[in-house]
Amino acid sequence: MAVILRILVWRSIAVLALILGIIGLLLPIMPTVPFLLVAAWAGGKGWPVLEEKLLSHPKYGPQIIAWRQHGVVRRRPKVIASVMMCGSATGLSLSPAPMLVKLTVIGIMLAVATWLWLRPETAPAADNPNV
C-alpha cells in the first residue's frame, strides 16, 4: 500500500509540474523548462515512461539532460528570468507592502539571480557537440 501511495504522490507532482509547464508554453510570463525539470525529476521517481518521454522530446529533452548532467542554463532563459525579477522587484518596491517584506523578497530574488547567472551556459567541450 505504501508503494502505491508513493507512486501516486510522485505522479501527482509530475502531472502538476507538467500542467504548469504547458501553461508556461501559452503564457509568456510563466516559465516552461523549470516545470519540465520538476516533471522529469518526479517522473523518474514514480513514472519512468513520462520521464523518458520528456528526455526524448526534441526541444526540451536536451535542456533537461544538460541541466541534469552539468547544471546548464542557457543565456536566454537567464536574461528572461532576470528581467522578470527586476520587474517584480520594481513593482514590489512601489507597493504598500511592509519594508521587511520588500527587502526579504527582493533579497531572495537577488540571491536567485546570482545563483542563476553562476550556472554554466553550455556543457563542457567534451560533452558539447556544438563546440
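**A tour of a predicted six-helix chain**

Select leucine 36 to begin: setting aside residues within four places in sequence, its contacts (heavy atoms within 4.5 Å) are Leu18, Leu54, Tyr60 and Ile64. The model is predicted, so local features need pLDDT of at least 70 and side-chain atom pairs count only at pLDDT 80 or more, whereas totals for chains, interfaces and linings use all residues. Residues are numbered from 1 along each chain as its sequence is written, and side-chain values use heavy atoms, with hydrogens and water left out.

**The whole chain**

Zoom out to the protein chain, which has six helices and zero strands, where helices (H or I, at least four residues) and strands (E, at least two) are DSSP runs numbered from the N terminus. Its C-alpha trace spans about 45 × 45 × 25 Å along the principal axes. Of its 131 residues, 27% count as buried, a term that stands for under 20% relative accessible area, with exposed meaning over 50% and partly exposed in between (1.4 Å probe, protein chains only). Among contacts in the chain with a separation of 6 or more, 57% are accounted for by residues 24 or more positions apart.

**The largest nonpolar core**

Return to Leu36 and add Leu54 and Ile64, since these touch the most other members of the 13-residue largest nonpolar core; such a core is a set of buried Ala, Val, Leu, Ile, Met, Phe, Trp, Tyr and Cys residues joined through side-chain atoms within 4.5 Å. The elements that give it two or more residues are α1 (2–26), α2 (33–46) and α3 (48–55), and the largest share, five residues, comes from α2. In soluble globular proteins, nonpolar side chains tend to be buried together.

**Helix α3 and glutamate 51**

Now select α3, in which Leu50, Glu51, Leu54 and Leu55 are buried. Viewed down the axis of α3, its buried residues fall within an arc of 135°, so they line one face of the helix, the arc being that of the directions from the helix axis to the C-beta atoms. The face of α3 turned away from this buried side carries the exposed residues Pro48, Val49 and Lys53. The buried residues of α3 pack against α1, α2 and α4.

Within this helix, pause at glutamate 51, which is buried with a relative accessible area of 18%. Not counting residues up to four places away in sequence, glutamate 51 touches Ala40, Gly43, Gly44 and Arg68.

**Helix α4 and its end**

Move next to helix α4 (residues 61–70), where Gly61, Gln63, Ile64 and Ala66 are buried, and where the buried residues pack against α2 and α3. Glycine 71 follows α4, with a positive phi near 70°.

**The α5 and α6 pair**

Select helix α5 (residues 75–93), whose 19 residues reach 27 Å from first C-alpha to last, close to the 27 Å expected at 1.5 Å a residue; the expected span is 1.5 Å times one less than the number of residues. Its buried residues are Lys78, Ser82, Met85, Ala89 and Leu92. These cover an arc of only 95° around the axis, which puts them on the same side of α5. On the other side of α5, Arg76 and Val83 are exposed.

Bring in α6 (99–117), against which the buried residues of α5 pack. The two helices pack at an angle of about 170°, with their axes 10 Å apart; axes are lines fitted to C-alpha atoms, for helices over the stretch in contact, and angles run from 0 to 180 degrees between N-to-C directions. That makes α5 roughly antiparallel to α6, a label given to angles over 145 degrees. To display the contact, select residues including Lys78, Ser82, Met85, Ala89 and Leu92 of α5, together with residues including Val105, Met109, Val112 and Leu116 of α6.

**Beyond α6, and a last stop on α1**

Continue into the segment after α6 to find glutamate 121, which is partly exposed, with a relative accessible area of 24%. The C-alpha atoms of glutamate 121 and arginine 75 are separated by 6.0 Å, although these residues lie 46 residues apart along the chain. Apart from residues up to four places away in sequence, glutamate 121 touches Val72, Val73, Arg74, Arg75 and Lys78.

Finish on helix α1 with leucine 16, which counts as exposed at 52% relative accessibility. From leucine 16 to isoleucine 29 the separation is 13 residues in sequence and 18 Å in space, C-alpha to C-alpha.

Key
Angles under 35 degrees count as roughly parallel, over 145 as roughly antiparallel, 65 to 115 as roughly perpendicular and the rest as oblique.
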